[in-house]
Amino acid sequence: MVRYCFFAAVILALSSKRLKLCRQTKPKGYLRLINMHQEKLAKWFLTAAALSTLIVPIGVDAIVLADGHMNNPAWLPHAKLHCAMSFFAAISLGGSALAILKVRPVTDRFSMTLAAFLGSAFWIGLIAAGFWPGTSYGFLNDPVLGNISEPELGGITIYPNVVASLLTIATALVGYWLTKKKRSIDH
């Protein structure tokens with residue numbers, strides 16, 4: 001029994017000494033390549049989320065569905081103010097996320113966390129706003145557009161703006177996850 005404990009102690013001492021030596025050596029080329037691709041992929045996902053925040057709300061609400069929003073005569077000027085405010089919020093959040101992604105390295109985890117949050121905050125707000133009493137994700141009883149029926153899947157109404165929200169949030173989370181799950185190149 002003593003002999004096995006001695007061998008275990010020797011193996012443990014040698015492996016810890018070898019581990020220290022491995023940490024002092026330069027990383028292997030393939031691990032650098034994996035980290036480089038992971039960083040580019042993370043930045044791509046975070047940029048996609050930021051661009052979605054910057055382009056989709058304005059493109060859909062101000063151009064495609066302008067008659068249901070800003071050009072809707074049934075909307076009071078104050079309601080249009082809130083709609084315009086959401087456009088500028090999307091520009092501010094998406095633009096800020098893009099600025100961070102442009103000037104900060106992916107290895108700066110705080111900056112990438114901030115970029116992920118800014119790229120998805122507008123969409124989190126959209127989902128939360130749908131729970132406010134008297135709001136709707138769809139165009140129910142709209143005096144200009146009428147009742148636009150939303151698609152259904154298995155009896156569940158699928159709202160395109162909620163789908164866009166979830167996709168953008170998921171894209172930002174994948175980018176964030178890729179920045180947090182960097183492989184160690186120390187071994």
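**Notebook: salt bridge, pocket and surface patch**

I looked for charge pairs and found that the structure holds one salt bridge. The model I worked from is predicted.

*Entry 1, the charge pair.* I looked up which residues form the salt bridge: arginine 104 and aspartate 108. Their closest N and O atoms are 2.5 Å apart. I noted that side chains of opposite charge can pair when their charged atoms come close. Are the two partners buried or exposed, or something in between? Arginine 104 counts as partly exposed because its relative accessible area is 36%, a value between the limits of 20% and 50%. Aspartate 108 has a relative accessible area of 18% and is therefore buried, the cut-off being under 20%.

*Entry 2, the fold.* I listed the elements and got five helices and two strands. From the N terminus on, they run α-α-α-α-β-β-α. The protein has 187 residues, and 27% of them count as buried. I then checked contacts with a separation of 6 or more: 70% of these are between residues 24 or more positions apart.

*Entry 3, the pocket.* I looked up the largest pocket and recorded a volume of about 1,300 Å³. It is lined by 35 residues, and the closest to its centre are His69, Trp75, Ser136, Tyr137 and Asn161. Which elements give two or more residues to the lining? I found H2, helix H3 (77-103), helix H4 (109-129) and helix H5 (160-180). H4 supplies the largest share, five residues.

*Entry 4, a residue in H4.* I picked serine 120, which lies in helix H4. Serine 120 counts as buried because its relative accessibility is 7%, and buried means under 20%. What does serine 120 touch, not counting residues up to four places away in sequence? I noted Thr53, Ile169 and Ala172.

*Entry 5, the surface.* I took the accessible surface of the protein, which comes to about 12,500 Å². Carbon and sulfur atoms account for 70% of that surface. I also looked up a nonpolar surface patch of about 520 Å². Leu51, Ile55, Val56, Val60, Ile63 and Val64 make up this patch. I followed up on leucine 51, which lies in helix H2 (residues 29-64). With 35% relative accessibility, leucine 51 counts as partly exposed, and I noted that patch residues need over 30%.

Key
Residues numbered from 1 in each chain as written. Predicted model: local features only at pLDDT ≥ 70, side-chain atom pairs only at ≥ 80, totals over all residues. Heavy atoms only, no water. Buried < 20%, exposed > 50% of the residue type's maximum accessible area, 1.4 Å probe, protein only. Contact = heavy atoms within 4.5 Å. Areas by Shrake-Rupley, 256 points an atom, 1.4 Å probe, with all protein chains shown as cover. Patch = residues over 30% accessible without salt bridge, like charges linked within 9 Å, V, L, I, M, F, W, Y side chains within 5 Å. Salt bridge = Lys/Arg side-chain N within 4 Å of Asp/Glu carboxyl O. 1 Å grid on protein atoms, 1.4 Å probe; cavity = no way out; pocket = protein on both sides within 12 Å on 5 of 7 lines; lining within 4 Å. Points joined across faces, edges and corners; volume = space filled by probe spheres on them.
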